[in-house]
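Student: Hey, could you walk me through this structure? I'm new to it.
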Amino acid sequence: MATPRVLVTQAAEATIDLLRDENGPLMFHQSGGCCDGSSPMCFAKGEFRIGGNDVWLGQIHGCDFFMSTSQFEYWQHTQLTVDVTKGRGASFSLEIPLGVRFLIRSRLFTEEESKDMAPVRQGEEYLESQA
């Protein structure tokens, strides 16, 4: 089995379930530093426009997860874990009214994990696969 590039904690899964019940299908985009630093932002699926400058890293709890190509260049050797913590972030992410915010915990892939990485898709390739 390929090494996943993005994971999710049980606490974040519970928050995703609450948001999905209220908003329907969801998606994530890793913020590149605007508003709330570098945070995973949750949107109703299709509400954030994905383009050729985005990379699809996989899914967490049934939600597609993206980041910009330039940010992926820096983080490509890092496994990301989406978690949640109390506190209000300064973003437009859907969890903000719940009094929590998503955050990223990260670690470098081991040499062994790096040999069998889950594939990524450029934004345009992802969009074509969804059409």
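Tutor: We can talk about the core, one arginine and the sheet. This is a predicted model, in which local features need pLDDT of at least 70 and side-chain atom pairs count only at pLDDT 80 or more, while totals for chains, interfaces and linings use all residues. Residues are numbered from 1 along each chain as its sequence is written, and side-chain values use heavy atoms, leaving out hydrogens and water.

Student: Which residues touch the most other members of the largest nonpolar core?
Tutor: Among its 20 residues they are Phe28, Leu57, Ile60, Phe65, Val82 and Phe102. Such a core is a set of buried Ala, Val, Leu, Ile, Met, Phe, Trp, Tyr and Cys residues joined through side-chain atoms within 4.5 Å, where buried means under 20% relative accessible area with a 1.4 Å probe, protein chains only.

Student: OK, what about Arg5, does it have a salt bridge or none?
Tutor: Arg5 is buried yet has no salt bridge (a side-chain nitrogen of Lys or Arg within 4 Å of a carboxyl oxygen of Asp or Glu). The nearest side chain of opposite charge, Asp116, is 9.4 Å away.

Student: Which backbone oxygens lie by its side chain, then?
Tutor: The backbone oxygen of Ala118 lies 2.7 Å from a polar atom of the Arg5 side chain, and that of Gln76 lies 3.4 Å from one.

Student: Switching topic: in what order do the five strands of the open sheet run?
Tutor: The order is β3-β2-β5-β4-β8, with mixed pairing; strands are DSSP runs (E, at least two residues), numbered from the N terminus, and two pair if DSSP finds at least two bridges between them.

Methods. Buried means under 20% relative accessible area, exposed over 50%, partly exposed in between (1.4 Å probe, protein chains only). Lys and Arg count as positive and Asp and Glu as negative; His and the chain ends are not counted. A polar contact is a pair of N or O atoms within 3.5 Å; within protein, one must be able to donate a hydrogen and the other to accept it, and residues adjacent in sequence count only if both atoms are side-chain atoms. Helices (H or I, at least four residues) and strands (E, at least two) are DSSP runs, numbered from the N terminus.
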